[in-house]
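This report describes selected features of a two-chain model. It proceeds from a sheet region to the core, a helix, the chain contact and the backbone geometry.

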Amino acid sequence: MTKSTKIFKYVGKRLLQGIPIILAIVIINFFLLNLAEGDAVDVLAGEAGSATPEYMAQLRKKFGLDQPLPVQLMVYLKNVLSLDLGYSFRHDMPVNELIFDRFAATGLLMTSTIILAVGFGILLGLLAAMRLNTWKDAVITVFALITYATPLFWVGLMMIVVFSLNLGWFPTSGMTNIAAFYEGWDYVVDVARHLVLPTITLSLFYLALYTRMMRASMLEQYGQDYVVTARAKGLTERRITYVHVLRNALLPVVTMAGVQVGALIGGSVIVESVFAWPGLGMLAFESLFARDLNLLLGIFLLSSMLVVVVNLIVDIIYCFLDPRIEVN
Amino acid sequence: MKKILTSIIMAGSLLLGSGVAHADKSGGTLSFLVQPEPPTLASYVSTSGPIGLVMPKVYEGLFDYNNDGSMVPILAESYEASADGKTVTFNLRKGVKWHDGKPFTSADVQFSVMEVLKKVHPRGPNSFREVTSIDTPDEHTAIFNLKKPAPYMMRSFSAYESPMVPKHLLEGQDIKAAPLANKPVGTGPFKFVEWKKGQYIRLDKNKDYWQKGLPHLDRIVGRFIPDASTRTAAMENGEVLYAAYNAIPNIDAVRLKERNDIDVTTEGYSMINPMALIEFNTKEGPFVDPAIRRAISVAIDRRFMIDTIFFGYGKPATSALSSNFKATNLHAEMPNYPEKGDKAAANAILDKAGYKRDGDGVRLKAVLDIIPYGEDWRRAGEYLKQALGDIGIQLDLRYEDVPTWLKRVYHRYDFQMNVNYFYQLPDPVLGVHRHYGTDQIRKGTHFVNSSRYSNPKLDALLDAGAGEPDAAKRTAAYKEIQQILADDMPVVNLFELEFLVVYNTKLKGAYDSAMGAYGSFREAYIDN
């Protein structure tokens, strides 16, 4: 069996294993969320000012909230299995549509953040390890510690103060220039300009993490026997670092990045809120307070699927980084 | 009534004049803050604040109201009331079209009031409760037939309170579920274009608006920015030009006010009349005795709360009614509302009523629930804990999320005292009666009589006040109502909230309507 067919079989098997896990997550989430006091009708009625109990009963009937919990769960599971995530009564839209609409924004922010954080994290970690105990190492380490310890919302606000209010380089918030409604290439440039500050803010925290990890991981690998062997063979330090040590040192960083993709959806709530970025994190946050359970369950379902898929990708990346690791 | 009629016609012609004269005001996009994002756009089903910020630009009412209280004719050109006050005839504007091109007629008015507002609007059943039927002798005349005279009804025809909706798009459907909700079609100066969830709502100029030369703006965009500090930054950066209902917190507003390009006003809330207050559970728990509630009202330093927590924006309450009702002669100052608080007097009341202090100086313990609408209220709770601690009432604070809090106070009555605020609206019948009437003890309905206070004498007075066409007699009825409430204190009114509008000074013409941010913005323009 060639390596690629092996990988395909492996992927298929892992995806199948993922299904019961995701279903279990859905069921647990369903009951957990229903433990919260009050429902979507209470919130809607509260916001509307006075609403009669008859009206609220009527709404509950319409939303299916008058049914016993197990019945509601069965209905929900049936819908999920037919790829229908239900209806958000608060937004008056199908959940699929809502999530799809927001996922683009979250996906964009997540991808750019991962690239920036992992890319620069690896680079800085590498640099620090190669220049161990020099001033460069010290600067990088201190920078990593400070960004790691600074609260995200504060970094975001300071970014706005410096780069939007004082320098005027970037807009404060949003995803597009509202007054302009650009199209075509102008639109791409416009979104990119809006993306800069949130990406940097969200990256900083992870960047620090990856820098620290990469540095430690490099140092650990330098002490391994195979490095001594390589030196004895007469390889240049350059070749040892880039071909042998770097590949092995990347493994823990890639693992960590995989785990954190799931957390990024939730962790971006603060950044989305500060920069009014219309992503899934904010949507989840708002729907919790509105008791919009269908929507919330949909978002949880999506993020659990994402975690399963990303971890699978990470496992495959392992095979390429380290030929000794094989899928089976 | 004649006098009102002429003044309306005069205001109308003035308006017409101002609209035509300045063609150079036209153009531009106004982007303003909408906070939080509205749940739907069905302003005929929900009076939720953010909906009110957007929809009065799209739907119109029969009248608008100016800051001086005068009525501005919008979809109605004038009205006449019969001598007994039981028939009110509205002469509707001719040549008005819905955004889809269909003509606006008296049938739309009849349908909007009888089928929509009276049935599904949260406050409509109250505003129009005396309306039994509406006759439409021709396309431009609507005659309201009333059971009893309803003087307060004339204050509720604004686009926010009573929007006129298209009959042809709602008839025969379940009104609460009709697709019109999020694809609104109105007669207003702006047409709905798109709602990008999590980002903005876009409205474009209605080129066929009935008032020639209006609106000035090409576009209005309502933006949603969840974080308060970012909202402030967007205002500073000129990315948004207008923010109402404390979208910019007071703490930032006082700072922004110092800039040359940004100003702050408290105008535009007189039809809303927000009042901060404490509701008590008068049926069980520590506050059954009116003497304690009175002592609490006497002990609180209202001036301190306003100055320290709300940065000076607010007026101390002097009775159960807002001082804005002085305009209609309904407000009367009452005892038991000392502006700066009088702890000695409060202690004396409690001593006299026989509440002894224990070894720690505590007379009684209670839990204070706090409205979960932001930090200011939490601080108000902290102040109350301190102030009432001084008179021997030891408070524990409880701060829950909105649905949990609503359930506790309005469904289960599982509370002792609750900091809250109510809109008193343009007439006590619309906003105040719901707090005290026995018929307003409605388990499961939010923002009504949660104190479960019931006093037959007060009920009779409230009824009398509602239907009394004679101004002097109405004043007398409300004076007596306020006396009873100042004595029994089922609710301790704290202070009249003054919400702020923070705006960029290049935005002009958006401040004349008493509806403020809930107005149409049809005369707003950007002065470059």
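## Strand pairing in chain B

Strand 4 and strand 5 of chain B make up a hairpin in which five residues separate the two strands, and B:Gly85 in the turn has a positive phi of about 75 degrees. The model is a predicted one. Strand 4 (residues 76-81) runs antiparallel to strand 5 of chain B, and five bridges join the two. One pairing sets B:Ala81 opposite B:Val88, its bridge partner in strand 5 of chain B.

Strand 5 of chain B is also joined by five bridges to strand 7 (residues 141-146) of chain B, again in an antiparallel arrangement. Here B:Thr89 has B:Ile143 of strand 7 of chain B as its bridge partner. The two faces of strand 5 (residues 87-92) of chain B can be told apart: B:Val88, B:Phe90 and B:Leu92 form the covered face, while B:Thr87, B:Thr89 and B:Asn91 form the uncovered one. The bridge partner of B:Ala81, B:Val88, thus belongs to the covered face, and the bridge partner of B:Ile143, B:Thr89, to the uncovered face.

## Nonpolar cores

The largest nonpolar core has 224 residues, and within this core B:Tyr242, B:Ala243 and B:Val502 touch the most other members. Helix 5 (residues 95-130) of chain A provides the largest share of this core, with 14 residues. Another core lies apart from it and has ten residues, including A:Val43, A:Tyr55, A:Met56 and A:Phe89. In soluble globular proteins, nonpolar side chains tend to be buried together.

The surroundings of B:Val502 can be listed in detail. Beyond its neighbours within four places in sequence, B:Val502 is in contact with B:Met235, B:Ala243, B:Ile248, B:Ala253, B:Leu256, B:Ile262 and B:Val264.

## Helix 10 of chain B

Helix 10 (residues 343-352) of chain B holds the buried residues B:Ala346, B:Ile349 and B:Leu350. These residues lie on the same side of helix 10 of chain B because they cover an arc of only 95 degrees around the axis. The partner of these buried residues in packing is helix 8 (290-299) of chain B. On the face turned away from the buried side, helix 10 of chain B carries the exposed residues B:Ala344 and B:Lys352. B:Gly354 follows helix 10 of chain B and has a positive phi, near 90 degrees.

## Contact between the chains

Chain B brings 40 residues to the contact and chain A brings 42 residues. On the side of chain B that touches chain A, at least two residues each come from strand 1 (29-33), strand 10 (219-223), helix 6 (228-236) and helix 12 (402-411) of chain B. By class, this side of chain B has 15 nonpolar, 16 polar and nine charged residues.

## A site in helix 7 of chain A

A:Leu152 belongs to helix 7 (residues 152-166) of chain A. A:Leu152 counts as partly exposed because it has 18 C-beta neighbours inside 10 Å, whereas 20 or more would make a residue buried. The C-alpha atoms of A:Leu152 and A:Leu204 are 8.5 Å apart, although 52 residues separate the two in sequence. Leaving aside neighbours within four places in sequence, A:Leu152 is in contact with A:Thr201, A:Phe205, A:Ile270 and A:Val271.

## Backbone geometry in loops of chain B

Most residues other than glycine have a negative phi, and most peptide bonds are trans. The table lists exceptions in chain B.

| Site | Feature | Angle |
|---|---|---|
| B:Gln35 and B:Pro36 | cis peptide bond | omega about -10 degrees |
| B:Leu214 and B:Pro215 | cis peptide bond | omega about -10 degrees |
| B:Leu425 | positive phi, not a glycine | phi about 60 degrees |
| B:Arg452 | positive phi, not a glycine | phi near 55 degrees |

B:Pro36 is placed in the loop between strand 1 and helix 2 (49-54) of chain B. B:Pro215 is in the loop between strand 9 (200-205) and strand 10 of chain B.

The loop between strand 17 (417-423) and helix 13 (428-431) of chain B contains B:Leu425. B:Leu425 is buried, since 25 other C-beta atoms lie within 10 Å. B:Arg452 sits in the loop between helix 14 (433-436) and helix 15 (456-467) of chain B. With 17 other C-beta atoms within 10 Å, B:Arg452 is partly exposed.

Methods: Residues numbered from 1 in each chain as written. Chains lettered and ligands numbered in written order. Predicted model: local features only at pLDDT ≥ 70, side-chain atom pairs only at ≥ 80, totals over all residues. Contact = placed C-beta atoms within 7 Å. Helix = DSSP H or I, 4+ residues; strand = E, 2+ residues; numbered from the N terminus. Nonpolar A, V, L, I, M, F, W, Y, C, P; charged D, E, K, R; others polar. Core = buried A, V, L, I, M, F, W, Y, C linked by C-beta atoms within 7 Å. Buried ≥ 20, exposed ≤ 12 C-beta atoms within 10 Å, placed from the backbone. Arc of directions from axis to C-beta. Pairing = 2+ DSSP bridges.
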